[in-house]
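Subject: Structure for you to look at

Hello,

Here is the structure I said I would pass on. Please open it first and then read the notes below it.

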4 protein chains.
Amino acid sequence: MRIGVIGYGYWGPNLVRNFAETAGVEVKWCADNRADRLAIVKKRYPSIQVTEDAGQIFDDPDVNAVVIATPVSTHFKLVKQALERGKHVLVEKPMTRSVAEGQELLELAEKKGLVLMVDHTFIYTGAVRKIKEILDGGELGELHYLDSVRINLGLFQSDIDVLWDLAPHDLAILTYLVSAKPKFVSATGSDHTGRGLVDVAYMTVQYADNFLAHFHTNWLSPVKLRQMLIGGSRRMLVYNDMEPSEKVRVYDRGVKVTTEEGIHKTLVDYRTGDMWAPKLELREALGVECEHFLECVRFNKIPWSSAAAGLNVVRLLEGATKSLAKNGTRVAV
Amino acid sequence: MRIGVIGYGYWGPNLVRNFAETAGVEVKWCADNRADRLAIVKKRYPSIQVTEDAGQIFDDPDVNAVVIATPVSTHFKLVKQALERGKHVLVEKPMTRSVAEGQELLELAEKKGLVLMVDHTFIYTGAVRKIKEILDGGELGELHYLDSVRINLGLFQSDIDVLWDLAPHDLAILTYLVSAKPKFVSATGSDHTGRGLVDVAYMTVQYADNFLAHFHTNWLSPVKLRQMLIGGSRRMLVYNDMEPSEKVRVYDRGVKVTTEEGIHKTLVDYRTGDMWAPKLELREALGVECEHFLECVRFNKIPWSSAAAGLNVVRLLEGATKSLAKNGTRVAV
Amino acid sequence: MRIGVIGYGYWGPNLVRNFAETAGVEVKWCADNRADRLAIVKKRYPSIQVTEDAGQIFDDPDVNAVVIATPVSTHFKLVKQALERGKHVLVEKPMTRSVAEGQELLELAEKKGLVLMVDHTFIYTGAVRKIKEILDGGELGELHYLDSVRINLGLFQSDIDVLWDLAPHDLAILTYLVSAKPKFVSATGSDHTGRGLVDVAYMTVQYADNFLAHFHTNWLSPVKLRQMLIGGSRRMLVYNDMEPSEKVRVYDRGVKVTTEEGIHKTLVDYRTGDMWAPKLELREALGVECEHFLECVRFNKIPWSSAAAGLNVVRLLEGATKSLAKNGTRVAV
Amino acid sequence: MRIGVIGYGYWGPNLVRNFAETAGVEVKWCADNRADRLAIVKKRYPSIQVTEDAGQIFDDPDVNAVVIATPVSTHFKLVKQALERGKHVLVEKPMTRSVAEGQELLELAEKKGLVLMVDHTFIYTGAVRKIKEILDGGELGELHYLDSVRINLGLFQSDIDVLWDLAPHDLAILTYLVSAKPKFVSATGSDHTGRGLVDVAYMTVQYADNFLAHFHTNWLSPVKLRQMLIGGSRRMLVYNDMEPSEKVRVYDRGVKVTTEEGIHKTLVDYRTGDMWAPKLELREALGVECEHFLECVRFNKIPWSSAAAGLNVVRLLEGATKSLAKNGTRVAV
């Protein structure tokens with residue numbers, strides 16, 4: 001199998017490195033519209049062909065699949081061209097700028113029988129896969145809430161706000177972990193650079209039952225935090241990605257609600273117990289993901305981070321943007 | 001000066017102990033409607049008179065001031081009686097259940113020329129007083145946001161929700177630190193015990209400029225977090241109340257936004273520098289507060305945590321409750 | 001049962017408070033040679049008789065037991081008098097200034113049939129009792145080492161060095177957890193105040209097998225650390241007393257050593273696995289200890305922190321002092 | 001300038017990568033006696049010549065300098081050959097297995113007028129360079145102690161013990177920071193694999209004044225700690241290499257010792273104040289070091305990590321080994 005990588009900016013080098021080290025695949029092309037970036041590719045990987053014109057890759061009948069790591073505003077056009085030329089696609093998150101675009105790509109890929117996968121890297125980490133296993137095993141009981149914080153002194157993006165930049169990671173994890181359908185999205189935020197793009201933002205996702213998910217994204221934080229709390233009726237879980245080793249901790253704590261019929265009174269019992277930090281698979285997530293992409297292409301499988309998953313993330317982001325414009329009023333999704 | 005303390009539940013014992021150790025004041029009475037609580041008072045402080053009827057304290061002409069540490073639903077009635085009988089009052093937070101009640105008490109105290117102070121304990125800590133000093137000195141520059149997290153596996157209250165239970169601490173700090181007037185409040189949350197009281201809740205306070213304050217309160221968290229971030233244009237600050245020593249950290253970090261006129265482009269510069277943790281006054285906050293109350297009574301001063309401050313907190317809570325009922329739509333305050 | 005407490009300095013108030021709250025015991029007397037300390041006792045506990053002469057307590061036939069919380073140099077004389085007058089004794093750690101003194105007291109208590117218990121508070125904490133349970137259950141396998149760090153910007157003592165001040169806590173834990181007999185002690189340290197008393201000191205205790213215990217004590221540390229590592233062949237344990245909640249963590253990690261006969265080669269295998277933080281009993285250790293003392297007196301039981309345990313601690317301290325004088329050369333114990 | 005790298009095991013790849021990215025130098029050769037390691041070199045760097053015979057590199061007149069990253073037992077022979085063939089040398093730490101070997105190499109390099117530098121990587125980190133600046137500026141006052149902990153579940157070495165494996169890092173830092181000459185070394189430790197090589201070890205270095213340095217090295221720790229405390233008469237410093245950002249913290253804390261003449265009494269005053277974490281240079285240490293090596297070769301400068309510094313480290317390690325053999329009795333160095 002031969003692939004071409006389009007975009008050699010911040011994340012592209014990681015994609016090239018991981019595919020280069022994956023057995024059974026050859027990185028044949030790398031495209032970028034900046035000559036200096038291509039020079040770096042050439043120095044590191046003399047065997048890779050470089051081009052400023054992604055079209056050359058689409059034209060190459062040897063190429064089975066392309067990896068698109070360009071700014072989000074270009075995703076729709078590039079993915080569409082690739083699919084139309086019969087290439088399988090792995091595209092950076094967020095998949096597209098709108099649900100309409102995402103829907104069109106999803107349908108095109110289905111029609112063509114091609115794999116369209118979104119690079120939701122975090123769901124390929126040992127931590128998130130272990131959390132999935134714990135949730136699927138019912139260990140947490142009924143889910144009460146998911147609270148996510150992803151903040152740091154961030155690189156301001158020129159074309160997207162802090163929600164579109166940081167929240168896709170956590171929305172992809174939410175989508176991966178929780179199969180229920182979200183009902184409403186609301187968001188508040190503030191823009192301190194006068195560009196019309198929020199740099200501090202909060203987003204709430206509501207579900208039919210009382211499950212609630214909340215996301216804090218911030219480019220103006222002095223400290224870097226990457227933390228997710230998941231509360232269930234039986235146990236609770238903390239996923240702290242800044243911890244060097246015990247990233248996932250399961251707390252045998254919970255609240256039991258009972259009602260004494262006779263006295264029409266609600267009783268709340270607390271339970272505290274042991275804490276447990278499972279051993280996690282330490283392999284680089286992107287390596288796992290590259291292999292998964294190959295496997296999906298070869299055996300025509302649906303990726304964990306399928307176009308449908310990517311579309312779910314875009315749907316929540318689009319809803320958040322609408323809510324921001326309506327001063328935080330909730331929006332049905 | 002002689003005082004009576006009404007309510008010897010969770011917080012009352014701390015109030016009695018601190019007033020008992022404050023020079024120039026005598027705790028003459030303690031009232032509670034539970035005989036077993038009064039027995040404990042009697043054993044620890046044989047010299048304090050106990051009663052199940054708070055009225056006895058109001059009737060005692062020897063008593064100059066009363067301290068009210070009963071459930072919030074009783075505050076209005078008890079404070080009103082005390083003021084009408086000419087007693088100065090220190091009342092637990094939140095001051096009342098509604099703005100209307102709070103407004104009436106504030107006006108009554110003014111009319112009577114009595115001190116009405118609210119027990120916003122945190123603003124008497126060395127940490128918050130140091131933060132106030134830093135903000136007033138302009139060290140952070142223009143304020144961008146305040147983000148507060150106060151979560152733990154909490155004691156479910158029977159009459160109030162998690163916002164009314166936990167947020168008053170942080171809203172009192174906000175009110176103390178930031179003099180600008182809030183414009184809108186919105187809140188989302190979820191109730192997992194079927195009592196109609198949210199146990200996980202998020203609250204946003206918006207201001208005229210782009211300053212934004214956000215509060216996460218949660219009774220269902222496996223871990224206890226007490227953290228506040230304050231971001232400014234020049235520096236940023238973290239107040240972590242769980243840290244045993246360096247609770248306040250000032251980061252010489254920031255973002256500078258400039259616009260290149262010629263090219264109509266916004267440029268964002270990052271600045272990272274040293275971190276600094278100032279030495280904090282370690283005295284117990286409640287002791288500082290008790291002395292402050294005495295001083296206000298003696299010299300007819302306006303307390304730092306005045307009835308007006310208490311009313312500001314109630315106004316934000318009332319707005320949040322309205323927003324919760326309207327699915328998170330923002331409410332003017 | 002009626003007791004007298006001798007010494008109302010730093011720790012005495014905690015002893016009086018805990019015994020006062022223990023069912024089945026009355027604190028009848030409190031002695032201190034400072035009138036101002038006795039005034040404080042009188043104010044807090046009007047029913048307790050105070051005296052500057054401990055002899056009055058020994059003379060009172062109503063008193064069954066005495067608690068001695070005076071400087072260590074006075075322990076021998078006071079304990080001896082108490083035992084000779086037929087009183088059971090709970091004495092502060094370290095028990096005495098020398099092994100000879102400790103041995104004499106132990107024998108005297110045995111001869112008189114009285115309880116002589118040493119206040120090794122830490123072994124009554126939920127954390128250390130849980131560790132004992134884990135070790136006794138064989139969960140760690142064969143013990144390899146115990147490493148203890150107890151450092152902070154400390155209160156310099158006028159009569160003892162940092163080892164005699166801080167190490168008794170950890171040596172008491174060692175003695176409680178490990179039943180094997182130590183063979184050698186060595187110590188190095190440094191004195192920065194010119195008083196002939198080390199303020200930074202390291203102490204090693206060697207055992208017959210390859211088990212090694214090491215203690216770092218320091219009055220000149222900018223940070224407060226209270227950490228103990230215990231390494232075993234099957235699992236390893238960290239006891240961090242500064243953690244607010246998960247003080248004890250058990251790591252399913254270890255090293256397996258095998259020898260391939262044919263190739264005369266040692267093979268070392270690593271094993272990493274889950275981490276587990278057991279729920280701990282949260283009751284105040286001193287309260288548990290006071291009840292234990294009463295129970296030992298009533299039912300003539302040997303205390304967990306018996307005179308023999310106290311003597312073991314003094315033997316290690318005496319050895320360390322000798323080693324310090326011999327520039328760190330090891331001393332048999 | 002052209003160099004050859006000998007040894008492509010654990011650390012060699014980092015050396016090759018950093019020299020490959022350093023301007024003004026070409027990695028011409030890489031030697032290793034394992035063909036599979038050389039195949040990896042060839043794949044990553046097609047332009048580098050590979051060989052199983054280091055002698056080929058010494059024979060190449062084009063090569064100005066060699067970098068030796070082989071097991072320590074081979075250092076002496078390889079460095080000697082390189083120097084004799086007129087090559088400048090950068091050698092892994094520890095420099096040699098004995099002081100005698102190190103002395104011979106130091107003298108040979110001087111005689112030949114060649115640079116002999118030891119890869120004490122840590123002294124090229126932003127953290128250690130900042131600490132050096134703080135100490136040289138006298139900010140800590142008179143130094144009281146240095147306490148180092150470097151522990152983790154480690155890779156057992158087949159030919160050296162835990163002291164020779166881990167302590168060189170910290171002894172190099174000590175040598176870099178403190179110019180005073182050490183007087184005595186003592187060490188205790190324990191071997192749990194029956195190979196005659198300690199895997200847990202403690203080492204004390206004593207100086208003429210009361211300055212004391214202590215090192216805890218451990219291959220059997222469940223947790224990874226990399227922490228150094230440096231106590232001075234005016235301020236104290238913590239260097240925690242596991243912290244992602246604020247690795248160096250300076251505490252304005254100290255102890256002031258005075259003597260009241262009249263009463264022949266030593267008085268100790270405590271001072272606590274602010275904490276300060278200076279901004280650190282974030283560049284990869286090895287890159288800084290590679291450039292420094294080039295500069296020393298070009299301008300005939302003495303490296304920060306000179307052969308003399310390397311010899312100081314070996315002298316302390318040799319002393320520790322002797323002390324271990326004498327059951328911890330101190331050894332003059």
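In chain A, the C-alpha centres of domain 1 and domain 2 lie 29 Å apart. Domain 1 of chain A covers 2–121 + 286–300, and domain 2 of chain A covers 123–283 + 314–332; domain bounds come from an automatic or database domain assignment. The contact between them takes 16 residues from domain 1 of chain A and 12 residues from domain 2 of chain A. Two residues are in contact if their C-beta atoms, placed from the backbone, lie within 7 Å.

On the domain 1 side of that contact, helix 5 (99–112) and helix 8 (285–299) of chain A are the elements that give two or more residues. Helix 8 of chain A gives the most, with 4 residues. Helices (H or I, at least four residues) and strands (E, at least two) are DSSP runs, numbered from the N terminus. By type, the residues on the domain 1 side of chain A divide into 6 nonpolar, 8 polar and 2 charged. Here Ala, Val, Leu, Ile, Met, Phe, Trp, Tyr, Cys and Pro count as nonpolar, Asp, Glu, Lys and Arg as charged, and the others, Gly among them, as polar.

Before you go further, note that this is a predicted model, in which local features need pLDDT of at least 70, side-chain atom pairs count only at pLDDT 80 or more, and totals for chains, interfaces and linings use all residues. Residues are numbered from 1 along each chain as its sequence is written, while chains are lettered from A and ligands numbered from 1 in the order in which they are written. The model scores ipTM 0.93 and pTM 0.94. Chain A has a mean pLDDT of 94, and 96% of its residues reach 70 or more; pLDDT is the predictor's confidence in each residue, from 0 to 100. Where pLDDT is low, the predicted coordinates should not be read in detail.

Next, how chains A and B are related. A turn of 180 degrees and a shift of 0.0 Å along the axis lay chain B on chain A with an RMSD of 0.1 Å. This is the relation of a two-fold axis. In chain B, the C-alpha nearest the axis belongs to B:T329, 2.3 Å from it. For this, copies are superposed by least squares on the C-alpha atoms of residues with pLDDT of at least 70 in both.

The contact between these two chains takes 38 residues from chain B and 38 residues from chain A. On the chain B side, the elements that give two or more residues include strand 7 (143–153), strand 8 (182–190) and strand 11 (220–232) of chain B. Strand 11 of chain B gives the most, with 6 residues. The chain B side divides into 17 nonpolar, 17 polar and 4 charged residues. Of the interface residues of chain B, 100% are also interface residues in chain A, so the copies meet through the same surface.

Now look at the sheet in chain C. There, 6 strands form an open sheet in the order 3-2-1-4-5-6, and the pairing is parallel. Two strands pair if DSSP finds at least two bridges between them. Strand 3 (49–51) and strand 6 (116–119) of chain C stand at the edges with a single partner strand each, so one side of each is left without a neighbour in the sheet. Neighbouring strands are turned by 20 degrees against each other on average, direction ignored. Strand 1 (residues 2–6) and strand 4 (residues 65–68) of chain C pair in the parallel sense over 4 bridges. In strand 4 of chain C, C:V66 is the bridge partner of C:G4.

Helix 8 (residues 285–299) of chain C packs on this sheet, touching strand 4, strand 5 (88–92) and strand 6 of chain C. The direction of helix 8 makes about 175 degrees with that of strand 6 of chain C. Axes are lines fitted to C-alpha atoms, for helices over the stretch in contact, and angles run from 0 to 180 degrees between N-to-C directions.

Two backbone details are left. Most residues other than glycine have a negative phi, and most peptide bonds are trans. The peptide bond from C:K93 to C:P94 is cis, with omega near -10 degrees, and C:P94 is in the loop between strand 5 and helix 5 (99–112) of chain C. C:N300 has a positive phi near 55 degrees and is not a glycine; C:N300 is in the loop between helix 8 and helix 9 (307–325) of chain C.

Regards
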